Amino acid sequence: MKKSIHALLGLILVLSWCGLSAEAQPKGKPIKVGAIFSITGPAAWLGEPERNTAKLLEEQINAAGGINGRPLEVIIEDSEGDNAKAVIAINKLIKRDQVCAIIGPSRSDTSMAVAPIAERNKIPLVSCAAAETIVNPVLKHVFKSPQNDSDCVRRIYEDLQAKGIQQIAIMSGTTGFGDAGRKQLKDLCSQYGIEIVADETYGPQDTDMTAQLTRIKGTPAKAIVNWSIVPAQSIVPKNMKQLGMTMQLYQSHGFGNINYVKAAGEAAEGIIFPAGAVLVADTLPDDHPQKAVTLKYKTDYEAKFNSPVSTFGGHAWDAMMIVVEALQEVGDNKDKIRSYIENKTGFVGM
């Protein structure tokens, strides 16, 4: 799939053993796969469901006999959403744990920070972050599972076109994800006849966007597109409600966790955002190619963790299963895993 894995747009391949009843636990030397997630810190709503998903899959795979008779061992490191800690984590996984592949990190910033290390050590890394800059320009050993931010910008602009809205304001966090999304919003707007009449940014720790929204209120903007992760995704709609702003709010695909909706409260009503199929698994038609796999994951995850599935757990599912398929086919040779992922077709995930 070259370097960017479009799980949203692919076809489905359901691994038969995922639905098997438990068998004897596999024996032999474990196959070690590393993972780097933002389990704590400001991006914990990304990393926690990713960690949970990786452990769920590890448990299911081993209960079904492992990978070609060998147990799967997922070694998970918490980056806390911090670039320096992500660098420490990847070096540990490569040098001490000697993993054959790595999934994650959760955030675009941390993914960009560790990508050169994966490349230098020739170890396949499947990021769970969305910024297209992670895989463009191409690095031989670096992939990602989420939709490109450019794809999601196009979906938003198509919806704006359908509603006849031409003038918009954009807001973005000054993070790797926010910066990359802002660039795509600006680069693609002319293709859809969209005019950006206000361009506001804010820091990742900012807790009030009233000043930015007040400036937008004085422009001819008919809608706002906000591109960020925590905490701004919940703050922007609340500030809009406080200011009496009724224009349509769009959020990025980073809004795909029910916790963001809960944090925004009533102000979240009416928000539009692009997302993968896992968030609407129950409503997919029976012949939809993603129906079976998304519904099984949703059912298994929610039963085990008593918490709704999220976009982010879905990114980890895709990254893990892409690596697991490679391990099934070519073993734990890093070069063969890399080549398998690059040439993989027919995969559909969350």
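How many helices and strands does the chain have? In this predicted model, there are 11 helices and nine strands. The overall dimensions make a good starting point. The C-alpha trace spans about 65 × 45 × 35 Å along the principal axes of the chain. The radius of gyration is 20 Å, which agrees with the value near 20 Å that a compact globule of 350 residues would have.

Turning to the strands, one open sheet is built from four of them in the order 7-6-8-9, and the pairing is parallel. The edge positions belong to strand 7 (195–202) and strand 9 (248–251); each has a single partner strand, so one side of each is left without a neighbour in the sheet. On average, and ignoring direction, neighbouring strands of this sheet are turned by 20° against each other. Seven bridges join strand 6 (residues 167–173) to strand 7 in the parallel sense. Gly 173 has Tyr 202, in strand 7, as its bridge partner.

Two helices can be placed against these strands. Helix 7 (residues 232–242) packs on the sheet and touches strand 6, strand 7, strand 8 and strand 9. The direction of helix 7 makes about 175° with that of strand 9. Helix 5 (residues 176–188), for its part, lies across strand 6, strand 7 and strand 8 (223–227), and runs at about 160° to strand 6.

The next feature to look at is the largest pocket, with a volume of about 250 Å³. Its lining consists of 14 residues, and those nearest the pocket centre are Lys 29, Lys 32, Asp 97, Gln 98 and Val 99. By residue class, the lining of the largest pocket comprises seven charged, six nonpolar and one polar.

Finally, the backbone deserves a friendly second glance. Most peptide bonds are trans, and most residues other than glycine have a negative phi. Against that background, a cis peptide bond joins Gly 104 and Pro 105, with omega about 0°. Pro 105 is found in the loop between strand 3 (102–103) and helix 3 (108–120). A cis peptide bond also joins Asn 136 and Pro 137, where omega is about 10°. The loop between strand 4 (125–127) and strand 5 (142–144) holds Pro 137. As for phi, Asn 68 is not a glycine, yet its phi is positive, at about 55°. Asn 68 sits in the loop that runs between helix 1 (44–63) and strand 2 (72–78).

Note on methods. Residues numbered from 1 in each chain as written. Predicted model: local features only at pLDDT ≥ 70, side-chain atom pairs only at ≥ 80, totals over all residues. Heavy atoms only, no water. Pairing = 2+ DSSP bridges. Helix = DSSP H or I, 4+ residues; strand = E, 2+ residues; numbered from the N terminus. Axes fitted to C-alpha atoms, helices over the stretch in contact; angles between N-to-C directions. Contact = heavy atoms within 4.5 Å. 1 Å grid on protein atoms, 1.4 Å probe; cavity = no way out; pocket = protein on both sides within 12 Å on 5 of 7 lines; lining within 4 Å. Points joined across faces, edges and corners; volume = space filled by probe spheres on them. Nonpolar A, V, L, I, M, F, W, Y, C, P; charged D, E, K, R; others polar. Rg over C-alpha atoms; globule rule 2.2 N^0.38 Å.
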